[in-house]
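Colleague: I'm new to this structure and would love a close look at a single part of it. Could you walk me through the metal site, one piece at a time?

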Amino acid sequence: MRVIPISVPTPFYIGPVNVYLIPEDPVTLIDTGPKTKEANEALREGLRRARFRVSDLRRIVLTHAHEDHCGLARSLRDEAKNAQILIHSWETGHRASRLEYAEHRALLLRAGVPDEEVAAMRRMYEGLRRYADTLADHECEELKDCAELPFASGSLRVVHTPGHTPGSCSLVREADRTVIAGDCILKRVTPNPVLSPDPVDPSRRFPSLAEYLVSLARLRSFAPTLVYGGHGEPVTDYEELFNRYLRAIRERQAKVIQLTPKEGATAWDIARELFPQADNVHRFLAVSEAAAHLDLAHAENKIALEISNGREVYRKPV
Ligand SMILES: [Zn+2]
Ligand SMILES: [Zn+2]
């Protein structure tokens, strides 16, 4: 099975996104790029080079619902007439809009983010909405864990790999152990465990880092030989990357525990200490990172948690 990577520009800090074309029946695009003129042109050019047109697409698979991955899905689907869009059902929170407002607001306030910062984060994410069309439930079919997506020359297995987002999925070609991993695996950076409501109970925070560690181990069980990520070059040594990710997570974990004072601190306090330079979008990612690490440390009984004035306060045990 051939996998043709197409690099598509994004207006975001992360740089270009990788979209993947499976050039056989049913012609499938994995991720789409953001809804910008530049992305649309680059995608069309990539398809043209592979001797395809948008109207040839039969299936659009979304690894997750961030704007850089899903932005063009609806317009491509409309142009391709009746192409399917597939996405995991746990991506709902991201699919309707990046910040499901009431739920995220409650989670951010509980994490100690001040009111004016929550308002600034909201404005920023409202601004991001223009980079993706909203997809209603009835416009998508469900990408189910362990399902097989059939192609003329074989199949791709869907592997639910939550962490970066709750509904992130990877596609595994078991015959040659090739993986298309979206933002679950990135060669140069450790993916951010983005703060999200738990899809099962949206009043709670999704335990993104604990889930992510399981996802990394699950992908490892396929002994991947080649992993195509959402950004940057493919990974040819999964074992090395797996160990590097684990090391980076462990080091950050130690740092977060060290920064947690005896007198107590919120995820926001820890985020400000971890990333003092972070501005706008990065403050949301910084608090996501801190909260994810605090959740894991608390789950492992390394720090204590109490709720004080509606905020989660973490303490190093004495
Ligand atoms: Zn993403
Ligand atoms: Zn991405």
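Modeller: Happy to! Let's begin with the zinc ion (ligand 2), which is coordinated by D68 (OD), H69 (NE2), D183 (OD) and H231 (NE2) at 2.1 to 2.6 Å. Please keep in mind that this is a predicted model. Along the chain, the donors of the zinc ion (ligand 2) follow the spacing D-H-x113-D-x47-H. What is the arrangement of the four donor atoms around the zinc ion (ligand 2)? It is irregular, because these atoms subtend angles of 84 to 152 degrees; to count as tetrahedral, four donors need all angles between 85 and 135 degrees.

Two of these donors are worth following along the chain. H69 belongs to helix α2, while H231 sits in the loop between β11 (226-229) and α8 (238-259), and this pair links distant parts of the chain, 162 residues apart. Are H69 and H231 buried or exposed? Both H69 and H231 are buried.

Now to the neighbouring metal. D183 bridges the zinc ion (ligand 2) and the zinc ion (ligand 1), and the two ions lie 3.4 Å apart. The protein donors of the zinc ion (ligand 1) are H64 (NE2), H66 (ND1), H164 (NE2) and D183 (OD), at 2.1 to 2.3 Å from the ion. Their spacing along the chain reads H-x1-H-x97-H-x18-D. Here, too, there are four donor atoms, and they subtend angles of 91 to 168 degrees, so the arrangement around the zinc ion (ligand 1) is irregular.

The zinc ion (ligand 1) also has donors from separate stretches of sequence. H66 lies in the loop between β4 (59-61) and α2 (67-70), and H164 in the loop between β8 (154-160) and β9 (169-173), so the pair ties together parts that are 98 residues apart in sequence. How accessible are they? H66 has a relative accessible area of 4% and is buried. H164, with a relative accessible area of 8%, is buried as well. Both of those labels follow because buried means under 20% relative accessible area.

If you'd like to trace the site on your screen, start at D183, which coordinates both zinc ions. From there, go to D68, H69 and H231 around the zinc ion (ligand 2), and then to H64, H66 and H164 around the zinc ion (ligand 1).

Technical notes:
Residues numbered from 1 in each chain as written. Chains lettered and ligands numbered in written order. Predicted model: local features only at pLDDT ≥ 70, side-chain atom pairs only at ≥ 80, totals over all residues. Heavy atoms only, no water. Donors = N, O, S within 2.8 Å, 3.2 Å for Na, K, Ca; no water. Tetrahedral: all angles 85-135°; square planar, octahedral: opposite > 155°, others 65-115°. Helix = DSSP H or I, 4+ residues; strand = E, 2+ residues; numbered from the N terminus. Buried < 20%, exposed > 50% of the residue type's maximum accessible area, 1.4 Å probe, protein only.
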